[in-house]
Amino acid sequence: MGLEKIGAPQLHLTNRDRYISRSLRQRLEYDRSVSAPAPQPAAPVPSGSIPASPRSAPPGLTTAEARRRLQDSGRNAIPEPGSHPILRIAGKFWAPVPWMLEATVVLELVLHKRAEALILAILLLFNGFLSLLQERKAANALALLRKSLPVRARVMRDGAWQIIDSQEIVVGDAIYLRMGDIVPADARIATGQISVDQSTLTGESQAVDLEHGQTANAGATVVRGEASAEVIAAGAHTSFGKTAELVSTARTVSHLQATIFRIVKYLGVLDFALVAALLVFAHATRLPLGEMLPFALILLVASVPAALPATFTLATALGSMELTHAGVLVTRLSAIEEAAAMDLLLSDKTGTLTENRLAVKRTLAYPPSSIADLMRFAGYASDSGNQDPIDVAILRFCAENGIDASAETRTRFLPFDPASKVSEAFVGKGGEAFHAVKGYPASVAARALPNPDWEADLRTLAGPGYRVIAVACGPADQALGLTGLIAFEDPPRADSRQLVHRLQDLGVRVVMITGDSSATAVSVARTMGIGTRLCQAAGIRSLDPGKLADCDIFAGVYPEDKVALVRAAQAQGHVCGMTGDGVNDAPALKQAETGIAVANATDVAKAAASLVLTTPGLGDIVAAIESSRRIYQRMLTYTLNKIIKTIEIGVFLTLGVMLTRSFVITPLLIVLLLFTNDFVTMSIATDRVSASPRPDRWDIRTLMLTAGSLASLLLVFSLSVFFLARNVLHFPLAQLQTLVFVMLVFSGQGAVYLVRERHHFWHSRPSRFLLLSTAADITAVSAMAIRGVLMAPVPAWSLLALLAALAAFLLALDTVKVKIFSRFRI
């Protein structure tokens, strides 16, 4: 059977969502520039029936009247409940870490050590208010994200449909709801029929069908159908008092935080062992227990990551701002850490890897139908109001070739349903009733009379990478006949091949998933360098996780298959990324560690995703991965530094007491050491680092061995300095304690710069804030040591000599560090 090629104009469409909804951002620009007539939504009907015409849509409001009502009633939003400032402040001092510091303050006061108690109290206040400051920055970041990701609503104003911020909706507005929308306010259905998911409001997972006269509640999600409705309540007056938002305020503990807390737990065990050994030694040697107890307690406090929460908050807040500038909006602040470990990306094809700029390229009509018949019936099953690229391309083709596909003869239209993969129309013309169906070829063929040629013809049409749909038609009360096939050109994005290679270079394997036919999918994947190993959607649910590596493409995929595919990848140990755009993609976006909503995704998809792209394609994903890996590197620096300092300080102070039977440092100076260390630790969150070349995974054993090796070498240096000053230079105990304090401060600073760079330390320049923090810390500590503030004074030459010796030692240690990092693959 021959194939007939018909030329068609190129349609420069930026819409992607061929499954369910149009891009809200693009529709905003479209509706502002074009006054479109109000669409007449249709209710789903049983196959073969042609019900009566729908009722009229509500007239809506004028802009002036809406503005007046907005001033009278306020914005369509629920004020967030806020706690009292005093309660927020008090909360910072009611947690395990503050409890330890508070207990130490009380103990110091009981022992009449007021100076130590004062410094500890200052440290407690410093960490508490610093945490408050960083949480405020994080709250501001969330507020900015909300402004960048508002819920949009389509309303009738001045007789034309417009896209506006849902917070501007007032009672009396006429709104239009489609599958994938979040209901912006309580609204009474006027025309059409929809099914809504109210599980976030009522806890019931079963979808609720709504039709004329029934109320759709604010915050529900539309999962099927289309309808126009009139707003009857807004803001705090809605039934559930909940308005929709896309940015989650829930705080989840990320894998990164959980890992670091595990490391700190292990360090705590080490410190408890050292303290126990110290107390046993004190008892055996009759050292004063009254002096030893606060020393031991402060030694424990020294291992507590007091700055950890504030450091994480600052790092994620700064990371979210960095991603916002790169065109990626973060719906959960903790999500930016998860992308660092992503090693598998399940990417949709249409509009993500391709341009979704469709044009009819080839057609094939089966006798007795002509090409004009084929396109006419396809036009009946299309709707320009949907702004679906396939529908618009078909209707444009019909208009330019004089084919009458007027929707005026259509009595009912069923929009494309991702579950059935078809759209349908019931047409009454000349006293006859027809039923037209178009969509995924296998789905249409299954509903039509057998045709032995369609599969071979499909392979021929799809060979060049064209997207192919099938059309069937017949009398409304009889079986359908396969009318023909239509091929559309959907060219790959110019940067898709380069992007796929860039992701592969970053260690992220790209697997293409599509609802298109196998021939189309293989052709596109080959062009983009993804691969040609094809797996069918039918086998996803029974897929052996070990065989996932043999699949580059999944074709004929239904939305529910995506969740099964994500779970199969996770069962194999992958950290999975998933792109999606529709309401049916939401479960897979939630299931994936990194759910990515593309630029023109529905509200529901954006709410389910971790990251929301603001430009077409996947180019911004590279920026998200690199930013997440930079955050990982900063937190790795913090973790390595914390382990090194804990081991060095804990072991050094314990050995110092055991070897000299005297305190090598005073409890007051340990408290000062805590303060100076935490000050610089905070600045690590701003450091200038390079992204990891491969996905980042935490290996605690490797981390402990690496840090332990470096800490042992630093411990050798610390003990050498101590015994040199004690036995050779004959420093008195008070000055020796000061020198030990300064040495631990200087070595703590040096450890930061030693571990922040995985190569030699000169490979990258630290951030300005980190350098300034270090300079201020060293200057302040040196001045206090020379002047004898809170410690015995020491000569300036000793500090200069110490600084020079430490610099030389760290320079030599840097070479060893590179080998250690290479050995353990840090």
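The following exchange examines how several descriptions of this predicted model are justified.

User: Why is T483 called buried?
Analyst: The relative accessibility of T483 is 3%. Buried means under 20%, so T483 counts as buried.

User: Where does T483 lie, and which residues is T483 in contact with beyond its neighbours within four places in sequence?
Analyst: T483 belongs to strand β16, residues 481–489. Its contacts outside that sequence window include L364, A365, Y366, F377, V471 and C473.

User: What makes the approach of T483 to C473 a polar contact?
Analyst: The side chain of T483 reaches the backbone nitrogen of C473 at 3.4 Å. The cut-off for such a pair is within 3.5 Å, and therefore the distance of 3.4 Å satisfies it.

User: Why is the pair F717 and F809 called stacked?
Analyst: The ring centres of F717 and F809 are 4.9 Å apart, and the planes stand at 25 degrees. Rings pair if their centres lie within 6.5 Å, and planes under 30 degrees apart count as stacked; the pair is therefore stacked. F717 in helix α22 and F809 in helix α25 are 92 residues apart, so that the pair links distant parts of the chain.

User: How do you know which of F717 and F809 is buried and which is partly exposed?
Analyst: F717 has a relative accessible area of 9% and is buried, because the limit for that term is under 20%. F809, at 23%, is partly exposed, because partly exposed covers the range between 20% and 50%.

User: What span is expected of helix α25, and what span does the model give?
Analyst: Helix α25, residues 796–824, has 29 residues and reaches 40 Å from its first C-alpha to its last. This is close to the 42 Å expected at 1.5 Å a residue. Helix α25 also has a kink of about 30 degrees, centred on D814.

User: Which residues of α25 are buried, and what covers them?
Analyst: Among the buried residues are L799, L802, L806, L810, L813 and D814. The covering elements include α20, α22, α23 and α24. In general, residues three or four places apart point the same way, because an α-helix has 3.6 residues a turn.

User: What makes the charged end of K421 count as sitting over the ring of Y440?
Analyst: The charged end of K421 is 4.3 Å from the centre of the Y440 ring. The distance limit is within 6 Å, and a limit of 35 degrees from the ring normal also applies. The charged end of K421 sits over that ring. R823 likewise sits over the ring of F824, with its charged end 5.5 Å from the centre.

Notes. Residues numbered from 1 in each chain as written. Predicted model: local features only at pLDDT ≥ 70, side-chain atom pairs only at ≥ 80, totals over all residues. Heavy atoms only, no water. Helix = DSSP H or I, 4+ residues; strand = E, 2+ residues; numbered from the N terminus. Buried < 20%, exposed > 50% of the residue type's maximum accessible area, 1.4 Å probe, protein only. Polar contact = N/O pair within 3.5 Å; in protein donor to acceptor, adjacent residues only side chain to side chain. Contact = heavy atoms within 4.5 Å. Expected span 1.5 Å × (residues − 1). Bend = angle between axes of the 7 residues up to and from the residue. Phe/Tyr/Trp six-rings, centres within 6.5 Å; stacked < 30°, edge-to-face > 60°.
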